[in-house]
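Trainee: I should like to understand how the terms applied to a model are justified. May we go through them in turn?

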Amino acid sequence: MTRLARPAGHDPRGTLRDTLVSRVDIARKVAVVTSLDRPALDAWAAQALSATVEHACRNSPFYTDFVPAEVARAVAQGRPHAFEALPFTTREHLAAAYPLGMLAVPRREVIRFDESSGTGNGRPIAAFFTMADWLENNLTVAGLLAAVLDERDVAAIAVPYELAGVGQDLDRAIEILGCTIVPLGAASPSCTPDRMVDALLRSGATTLVCSGTRALFLGEIARRRGIDPRRDLAVSKILMAGEGASPAKKRRLADQWDAVAYSMFGMTETNTLAMFCRERELHLVETRTFFEVVDPGSGERLPDGSVGELAVTTLASRAMPLLRYRTGDVCRIEAAPCTCGSPLRRLQHRGRIGDRIPLGERWTSQLEVEDIVLGAMTTEPYYFAFDIDGDALQIALPPTGADDATRKSIEAAVRDRLGAATRFRVLDTERFETALRTSAKPTMRNFSAYGGGGTAGEG
Ligand SMILES: [Zn+2]
């Protein structure tokens, strides 16, 4: 029998002890940073920002080439406005650097490799973490989730786990809080929506973590099986991840489940960027990331309160630092303090730039259409598809939800809010539900994909 060669002086127990001690040190660091008040946080962030730029420009193959040396030097010297001279990083840069071009530490220090195919052209991008990166994320997110979760909670997690840092991060963070986890995943053949509903029932889940669209779908599956989510299931909190949610969708979920719906915001390449508080406001995770809102056209930085594109810079990511990464999300940052007492500024998410839809002379978005349609619907199932037909909005409703009153209400809201006419179609419910079952990230769009069977009434 061959034996593995061990280096002289190898001490497995010592290695384990060192690993655990380093984890305690990481936890202490997170505890310090997450208890800073606003002025101290700003001072810490300024230091972390210049350290990130230096690390990225020295160690990331991408940034070594990408950032002009004089700009990197000006940031290191702390010159005013030097940071704003840094070029923006885009998703295309990350796709071109795939798989290892963004990696800023030796391979042996990487403990996770995640991927996202995103919503755009489908080219993959990679995300890496060192042990410190990962643990700091988990502990930071756990600290924020503690606003509404504790060890009495049973959390059913129905988000993609495969290659997805956000799903895994939420799982670890919720585990740290001592909750019971029911790992449902998303769209896996071994855990169908029916089985998810069974698991919610049997586990006594108090918390459902998933996209708002999936939560509406699971509520519908339960209802059809004679299980009333309000009466028969213990879910009182829905933590929404993976897609934006309109106010109407949150109200629908609250009705359907007798639960409070909370929003989270993050992406594979950045991890969690914003987390809800007990007041249901969304707070920026400024202990991990530096946030700017910029003019999508000129790239000029806009003051707090302006609506523009969110750009993020990591403050403590060793494996994959990102500098001024344009997220493609339309956002507004609110600096006024929240009643929850958090020093973290608040984020209002207004949808994705790529999701802006031309409608006649105006622009609309998936979130706006969703707000109108879900706000008007009175009969389950609460889903629909839509498309633009010239200067009119085409909306496909399930046959059961297309009564006169609902259609009139939608028509009036589309006219008042979007200045457009509405044409109704019948949603091919079966096709739509197949998409909900099989898609890791189901949404309420793609009218043509989900089918709008025959016409249903006036244009
Ligand atoms: Zn708050």
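Mentor: The exchange below takes up the domains, the core and one sheet of this predicted model.

Trainee: What makes domain 1 and domain 2 parts in contact?

Mentor: Two residues are in contact if their C-beta atoms lie within 7 Å. The protein is divided into domain 1 (129-354) and domain 2 (357-450), and their contact takes 21 residues from domain 1 and 20 residues from domain 2. On the side of domain 1 that touches domain 2, helix 9 (212-224) gives the largest share, six residues. That side comprises eight nonpolar, seven polar and six charged residues.

Trainee: Why is the largest nonpolar core said to lie between the domains?

Mentor: Domain 1 and domain 2 both give residues to this core, so it lies between them. The core has 119 residues, and A155, A156, I157, A158, V209, I238 and F384 touch the most other members. Helix 6 (residues 131-145) supplies the largest share, eight residues.

Trainee: How do you know that strand 17 and strand 18 pair?

Mentor: Pairing requires at least two bridges. Strand 17 and strand 18 (residues 392-397) have five bridges, in the antiparallel sense, and therefore they count as paired. Within this pair, I388 stands opposite L393 in strand 18.

Trainee: Why are strand 17 and strand 19 called edges of the sheet?

Mentor: The open sheet runs in the order 17-18-19, with mixed pairing. Strand 17 (385-389) and strand 19 (421-426) each have a single partner strand, so one side of each is left without a neighbour in the sheet. From one strand to the next, the twist averages 25 degrees.

Notes:
Residues numbered from 1 in each chain as written. Predicted model: local features only at pLDDT ≥ 70, side-chain atom pairs only at ≥ 80, totals over all residues. Helix = DSSP H or I, 4+ residues; strand = E, 2+ residues; numbered from the N terminus. Axes fitted to C-alpha atoms, helices over the stretch in contact; angles between N-to-C directions. Core = buried A, V, L, I, M, F, W, Y, C linked by C-beta atoms within 7 Å. Buried ≥ 20, exposed ≤ 12 C-beta atoms within 10 Å, placed from the backbone. Domains from an automatic or database assignment. Nonpolar A, V, L, I, M, F, W, Y, C, P; charged D, E, K, R; others polar.
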